Amino acid sequence: MRLRLPPLWLLVLLWWIAYAVVYAGQVLSMSEASGHPEPFAKILVDSLSIWLTWVPITLGLVWVVRRWPIEPGRIGRALAIQSLAVLAAVLLRAAHMYFTNSIHVWFEVLPDFATVALMSLRNNVMMAWMIVAAAHAVVLSERMRERERRLLQVEAHLARSRLEALSAKLHPHFLFNTLNSIAELVHSDPDVAEDVLVGLAELLHDSLDADQAPLRPLRAEAELIRTYLGIERLRLGERLQTQWALDDDALDLPVPTLLLLPLVENAIVHAIARRREPGLLSVRATREDGRLIIEVANPLAAGGSAPGSGLGLGTTRERLRWLYAEAATLEHGPTPDGRHLVRVGLPLTRAASAADPAP
């Protein structure tokens, strides 16, 4: 988390107060060395009166630099304006010395203003230009932070756009597969086909509503999958067996919207639907070592083939990369007991800025 700096005027004020305190300490040391010590309170008040006049001068010089900074193509104009600003600062200091001489006793006999102005020029011109240089550093820092902020906004916008595009791929992919299933049932079992259409409408309503947020609780994802499995069970009957093992402390954790749908769909379309005998689909979620682990397991298809890295797995892997960078993992492959396992690991921390609104 970044620390927010105080306002510039406050930093300038604190700087000149600190400068005045240090200067007062030096005056006190000199007065003690001369054998005529003065009360520190009096010295400090005089020092503050002298040096705090630099606060409005400093802020004015910073404003000039912000308005006319030295940059390619405008160097001459900027230097001319800044030189006039430095001259104005020198004259303001001269006016301060001239009109406060009765208080601070700058001169035993007050000379004319021109003499005071020349003295101020010798004593203050370097200080004024140092402030101008520091102001350029401030302006450069502000511009860099602004460019960084805009870059982050652009990156977040691109990431959100990419996530939306990836999510959009899932809908027609799933819809076409389900419509193909309905087409198969229309002739063989019209009543079941009608039930599948009703379930599909509910499922699409849920998934399309979820498009507004890239993350949602695992509990909501599980409900979506149960609706989908209800549709597939109408088509596959007893061939589709399910097993759920979702830990209670994992149900409210945020996961990418539509994370489970392509994984479960792959398991059914590429494995269970190709088998004649019943197949067990297992969905498990638990917290392990500060991560949320989600596993989807299914039997291999007839002939021992396993689901590959098609659209579902590929799109899911890319969505995880955009949301969590390298903090999320997706692995899949056969298990020793002859099943196929997809294992997703998510950090328990929030997703990257793509999931957040732009600042």
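The legends below describe close-up views of a predicted model.

**View 1. The whole chain in the predicted model, with ten helices and seven strands.** Of the 359 residues in the chain, 38% are buried. Among contacts with a separation of 6 or more, 71% join residues that lie 24 or more positions apart. The chain exposes about 20,100 Å², and carbon and sulfur atoms supply 62% of that area.

**View 2. Residues 351-359 and the confidence of the model.** The pLDDT averages 81 over the chain, and 82% of the residues score at least 70. Over residues 351-359, by contrast, the pLDDT is below 50. This stretch still has 21 contacts in the model beyond near neighbours in sequence. Where pLDDT is low, predicted coordinates should not be read in detail.

**View 3. The second largest pocket, with a volume of about 410 Å³.** The pocket is lined by 19 residues. Closest to its centre are Y23, D46, I50, H104 and W106. The elements that give two or more residues to the lining are α1 (8-33), α2 (40-51), α4, α5 (101-104) and α6 (113-188). Helix α2 gives the most, with six residues. By class, the lining has eleven nonpolar residues, along with four polar and four charged ones. Rolling a probe the size of a water molecule over the atoms shows where empty space is left.

**View 4. H136 in helix α6 and the residues it touches.** H136 has a relative accessibility of 19% and therefore counts as buried, the cut-off being under 20%. Leaving aside residues up to four places away in sequence, H136 touches V65, P69, I70 and Q82. Helix α6, which holds H136, is also among the elements that give two or more residues to the lining of the second largest pocket.

**View 5. L79 in helix α4 and its separation from P69.** L79 is found in helix α4, which covers residues 75-99. With a relative accessible area of 37%, L79 is partly exposed, because this value falls between the 20% limit for buried and the 50% limit for exposed. L79 and P69 are ten residues apart in sequence, and their C-alpha atoms are 8.5 Å apart in space. P69 is also one of the residues that H136 touches. Helix α4, where L79 is found, gives two or more residues to the lining of the second largest pocket.

Terms used
Residues numbered from 1 in each chain as written. Predicted model: local features only at pLDDT ≥ 70, side-chain atom pairs only at ≥ 80, totals over all residues. Heavy atoms only, no water. Helix = DSSP H or I, 4+ residues; strand = E, 2+ residues; numbered from the N terminus. Buried < 20%, exposed > 50% of the residue type's maximum accessible area, 1.4 Å probe, protein only. 1 Å grid on protein atoms, 1.4 Å probe; cavity = no way out; pocket = protein on both sides within 12 Å on 5 of 7 lines; lining within 4 Å. Points joined across faces, edges and corners; volume = space filled by probe spheres on them. Nonpolar A, V, L, I, M, F, W, Y, C, P; charged D, E, K, R; others polar. pLDDT = per-residue confidence, 0-100. Contact = heavy atoms within 4.5 Å. Areas by Shrake-Rupley, 256 points an atom, 1.4 Å probe, with all protein chains shown as cover.
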